[in-house]
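Please open the model in a viewer and keep the sequence panel at hand. The tour below proceeds by selection, with a short account of what is found at each stop.

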Amino acid sequence: MKERGDGTVWTAGNLLERLEHREKFFVLDVRNRDEFERFRLEGRRPVPAINVPYFEMLELGGKEEMVDSVVASLKQGLAEQLPKDMPILAVCAKGDTSEFVMQGLRRLGYASATLQGGMKAWGEHYATRAIVETPDLAIHQVSRPARGCLSYVVASEGKAVVIDPLRHLHPYLDLARTKSLTITTVMDTHGHADHISGGPALAAKTGAAYYLHPYDAIHPMDVLPATISYEYIRDGQTFSVGRHELATLHIPGHTLGLVAFRLGDRYLFTGDSIFIRSIARPDLGGKADAWAPLHGRSLRKLLGLPGGITVLPGHFSSLDEADEMGRFAASLDDLKKRNDGLVMLQRESENGFVRYLLDSLPKFIPEYVEIKRVNAGLSAPAEDDAAALETGKNVCALSQAYVASGGGQE
Amino acid sequence: MSQVFDKLLDARGQNCPMPLVNARKEIGKLEPGQVLKVMATDRGSVADFQGWAKIAKNVELVGQETESAEGANVYVHYVKRTA
């Protein structure tokens with residue numbers, strides 16, 4: 001989709017390009033405060049924004065119609081909070097109210113645009129980037145930029161394996177169609193907490209087999225077995241993709257059944273273990289004390305792999321972690337130098353590293369317990385509820401304040 | 001348990017901000033003490049009516065409920081004109 005010719009409507013795709021290219025604009029977000037706090041627009045750099053709920057504009061402006069109230073609010077002081085030297089992007093939940101806000105801004109001469117489909121469309125926007133694309137091997141990184149979720153399509157000789165597919169299936173089905181690929185295997189590196197897996201649905205739709213490590217087919221808090229249908233993944237098991245092979249490494253820590261997949265000495269799909277700037281948190285199963293030491297040992301195992309291998313992670317925390325092509329990938333040697341968690345891993349003793357892990361846990365997200373239920377088939381939310389569970393950016397990584405603040409000193 | 005109301009605004013199928021924009025208009029036509037029942041299908045209206053009632057003058061949100069009809073949720077808001 002292209003933006004409207006006059007630049008007044010940006011699609012989620014337009015927005016991503018502008019964020020990636022560090023374009024300057026200002027956000028006037030008219031959702032209610034809770035929604036704004038939970039899920040904000042973020043780019044490579046923080047996007048300057050203010051939050052003025054639309055119903056506050058209605059009361060402040062005191063007019064019956066929305067556009068008139070926007071104009072009246074601007075005249076009564078709101079204008080002083082808006083810059084004049086960059087475009088103002090009006091943002092709301094679904095893109096209807098922001099259209100009125102954009103019109104009000106335009107009426108007073110602001111260069112203004114509306115985000116089409118609102119934060120819902122941004123949250124559900126997908127981007128597909130090629131990590132490598134040769135006749136012999138292709139790896140496509142499929143991301144949900146607003147949520148920081150990454151998934152992969154590995155293809156060779158017309159066959160494809162999909163790793164960690166996200167909730168909406170169209171990016172994978174579209175890719176398979178345009179590249180003439182048959183999806184033979186679908187796998188999850190682990191039972192996800194932050195997003196609803198598209199794995200079982202994609203497997204059912206394509207006739208592919210769906211794989212998961214059996215340890216993650218038990219909900220860690222409910223201690224109930226999954227009702228989804230899946231094949232067991234074992235440590236050391238190999239999966240063929242055309243001319244290539246993916247080898248499984250069981251690396252418990254973030255979950256008990258977490259696995260990584262290794263494609264020779266070239267690529268390592270790390271799931272939720274090593275990310276670009278940080279590493280995964282060990283507490284989302286509610287057993288941080290018991291799982292943190294496992295996490296440390298698994299990470300040390302990965303550190304022993306060839307340094308030239310390219311790490312392809314399951315998440316990112318900021319668009320700024322991408323390279324200039326918008327891809328989230330880096331060599332293991334590179335990450336040993338600049339990944340906060342790996343720096344600590346190399347610096348600390350086993351116990352010291354466990355202490356670092358436990359001292360760096362971000363806030364627990366209550367929705368994650370329910371998302372794990374959904375992924376195990378123990379709960380089946382309606383579309384509205386599924387979307388609400390997935391609101392906002394993932395919080396699967398350790399908080400980064402620890403290294404930055406010089407934490408770890410006794 | 002259903003709330004007593006004096007007027008019904010059927011805002012089902014309306015997108016944000018129309019349920020709230022239209023509710024404000026209808027509230028203006030009520031006598032103090034009377035209650036407007038608003039039916040909406042926009043899920044966001046639940047939090048928005050709460051946020052709005054906190055800042056709007058002479059308005060009180062006296063109840064909210066979710067009804068399920070034919071597989072779709074209807075979000076119901078009872079708004080009282082207080083003065």
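**A loop residue in chain A**

Begin by selecting Arg22(A), which sits in the loop that connects helix 1 (12-20) to strand 2 (26-29) of chain A. Display its backbone: phi is positive, at about 55 degrees, although Arg22(A) is not a glycine. The model is a predicted one, and its scores are ipTM 0.95 and pTM 0.93. Is Arg22(A) buried or exposed, or does it fall in between? Its relative accessibility is 35%, so Arg22(A) counts as partly exposed, the class that lies between the limits of 20% and 50%.

**A second positive phi**

Next, select Asp164(A), in the loop of chain A between strand 9 (159-163) and helix 7 (170-178). Here too the residue is other than glycine, and phi is positive, near 55 degrees. Asp164(A) has a relative accessible area of 4% and is therefore buried, since the class requires a value under 20%.

**Helix 8 and its surroundings**

Move on to helix 8 of chain A, residues 199-206, and pick out Leu202(A) within it. Which residues does Leu202(A) touch, if those up to four places away in sequence are not counted? They are Val162(A), Pro165(A), Leu169(A), Tyr172(A), Leu173(A), Ile183(A) and Val186(A). Showing these side chains together with Leu202(A) gives a view of its surroundings. Leu202(A) has 0% relative accessibility and so counts as buried. For a distance across the chain, select Leu137(A) as well: the two residues are 65 apart along the chain, and their C-alpha atoms are separated by 22 Å.

**Helix 2**

Return towards the start of chain A and select Glu35(A), which is part of helix 2 (residues 33-38). With a relative accessible area of 27%, Glu35(A) is partly exposed. Now add Pro53(A) to the selection. The C-alpha atoms of Glu35(A) and Pro53(A) are 10.0 Å apart, and 18 residues separate the pair in sequence.

**Chain B as a whole**

Select chain B and colour it by secondary structure. How many helices and strands does chain B have? There are 2 helices and 4 strands, and their order from the N terminus is β-α-β-α-β-β. The C-alpha atoms occupy a box of roughly 40 × 25 × 20 Å along the principal axes. The radius of gyration of chain B is 12 Å, which agrees with the value near 12 Å for a compact globule of 83 residues.

Colouring chain B by confidence comes next: the mean pLDDT is 93, and 98% of its residues reach 70 or more. Of the 83 residues in chain B, 42% are buried. Contacts between residues at least 6 apart in sequence may then be considered; in chain B, 63% of these join residues at least 24 apart.

With the surface of chain B displayed, the exposed area is about 4,300 Å², of which carbon and sulfur atoms supply 46%. Chain B carries 11 positive and 10 negative charges, and the mean positions of these two groups are 7 Å apart.

**A cis peptide bond in chain B**

For the last stop, select Cys16(B) and Pro17(B). Which peptide bond here is cis? The bond from Cys16(B) to Pro17(B) is, with omega near 10 degrees. Pro17(B) itself is in the loop between strand 1 (7-11) and helix 1 (18-29) of chain B.

Note on methods: Residues numbered from 1 in each chain as written. Chains lettered and ligands numbered in written order. Predicted model: local features only at pLDDT ≥ 70, side-chain atom pairs only at ≥ 80, totals over all residues. Heavy atoms only, no water. Rg over C-alpha atoms; globule rule 2.2 N^0.38 Å. Buried < 20%, exposed > 50% of the residue type's maximum accessible area, 1.4 Å probe, protein only. Contact = heavy atoms within 4.5 Å. Areas by Shrake-Rupley, 256 points an atom, 1.4 Å probe, with all protein chains shown as cover. Lys, Arg positive; Asp, Glu negative; His and termini not counted. Charge placed at Lys NZ, Arg CZ, Asp CG, Glu CD. pLDDT = per-residue confidence, 0-100.
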